[in-house]
Amino acid sequence: MDDLTREQKHLIVSMYKEMLLRSRQSTMSLEEARRFDNSDIVKDLFCPSQTSEHVSYLCWALQSKGYIECYPGDDLADEISITDKTIIYMENRCKNGLKDVLAFLASLIP
């Protein structure tokens, strides 16, 4: 993730954390848990103080670097899905699961 800004890292790690929580706390499969409807949902969950345009921009940046997949729609990033590349990186980076993910997130807060 050396190719990401601090803000981009924070967003993708937050999305990964949410994916883990979703898959553990419900009957949602990992495939379903890795998906987010659009960048407005991502904004509401992780960046409520940011504009919709800015969060869409962050999503497009993450998509261009292979961390998420998404499609254009109504000035938003739609059908967002965390890629295997991100999951593999996070599994290797955070061997202790959610505990390490939370520590990684904390390290990204200025």
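**Exercise 1. Determine how many salt bridges the predicted model contains, and examine the one within helix H1.**

Solution. The count comes to four salt bridges in this predicted model. The criterion is a side-chain nitrogen of Lys or Arg within 4 Å of a carboxyl oxygen of Asp or Glu.

Step 1. Consider the pair arginine 22 and glutamate 18. Their side chains meet at 3.6 Å, N to O, and form a salt bridge.

Step 2. Locate the two residues. Both arginine 22 and glutamate 18 belong to helix H1 (residues 6–25), where they lie four residues apart, about one turn of the helix. In an α-helix there are 3.6 residues a turn, so residues three or four places apart point the same way.

Step 3. Classify arginine 22. Its relative accessibility is 18%, and therefore it counts as buried. Glutamate 18 is also among the buried residues of H1, a list including Leu11, Ile12, Val13 and Leu20.

Step 4. Check the length of the helix. H1 has 20 residues and reaches 28 Å from its first C-alpha to its last, which is close to the 28 Å expected at 1.5 Å a residue.

**Exercise 2. Identify the salt bridges formed by glutamate 31, and state which residues the network joins.**

Solution.

Step 1. Glutamate 31 forms a salt bridge with arginine 34, with 3.4 Å between the closest N and O atoms.

Step 2. Arginine 35 also forms a salt bridge with glutamate 31; here the closest N and O atoms are 2.7 Å apart.

Step 3. Compare the accessibility classes. Glutamate 31 has 39% relative accessibility and so counts as partly exposed. Arginine 35 is likewise partly exposed, because its relative accessible area is 47%. Arginine 34, at 9% relative accessibility, counts as buried.

Step 4. Assemble the network. Through salt bridges that share partners, Glu31, Arg34, Arg35 and Asp84 are joined into one network.

**Exercise 3. Describe the order and pairing of the strands in the sheet, and place helix H4 relative to them.**

Solution.

Step 1. The sheet is open and consists of three strands in the order S1-S3-S2, with antiparallel pairing. Strand S1 (35–38) and strand S2 (68–73) are the edge strands, each pairing on one side only.

Step 2. On average, neighbouring strands of this sheet are turned by 10 degrees against each other, direction ignored.

Step 3. Examine one pairing in detail. S1 and strand S3 (residues 76–82) run antiparallel and are joined by three bridges. Phenylalanine 36 stands opposite isoleucine 80 in S3.

Step 4. Add the helix. Helix H4 (residues 52–64) lies across S2 and S3, and runs at about 130 degrees to S2.

**Exercise 4. Establish whether aspartate 78 is buried or exposed, and what surrounds it.**

Solution.

Step 1. Aspartate 78 has its place in strand S3.

Step 2. Aspartate 78 is buried yet has no salt bridge. The nearest side chain of opposite charge is that of arginine 35, 12 Å away. The salt-bridge cut-off is 4 Å, so a pair at that distance does not qualify.

Step 3. List the contacts. Leaving aside residues up to four places away in sequence, aspartate 78 touches Asp37, Asn38, Cys70, Tyr71, Pro72 and Gly73.

Step 4. Follow two of these contacts further. Glycine 73 lies in strand S2, and at 18% relative accessibility it counts as buried. Glycine 73 and asparagine 38 are 35 residues apart in sequence, while their C-alpha atoms are 8.8 Å apart in space.

How values were computed:
Residues numbered from 1 in each chain as written. Predicted model: local features only at pLDDT ≥ 70, side-chain atom pairs only at ≥ 80, totals over all residues. Heavy atoms only, no water. Pairing = 2+ DSSP bridges. Helix = DSSP H or I, 4+ residues; strand = E, 2+ residues; numbered from the N terminus. Axes fitted to C-alpha atoms, helices over the stretch in contact; angles between N-to-C directions. Contact = heavy atoms within 4.5 Å. Buried < 20%, exposed > 50% of the residue type's maximum accessible area, 1.4 Å probe, protein only. Lys, Arg positive; Asp, Glu negative; His and termini not counted. Expected span 1.5 Å × (residues − 1).
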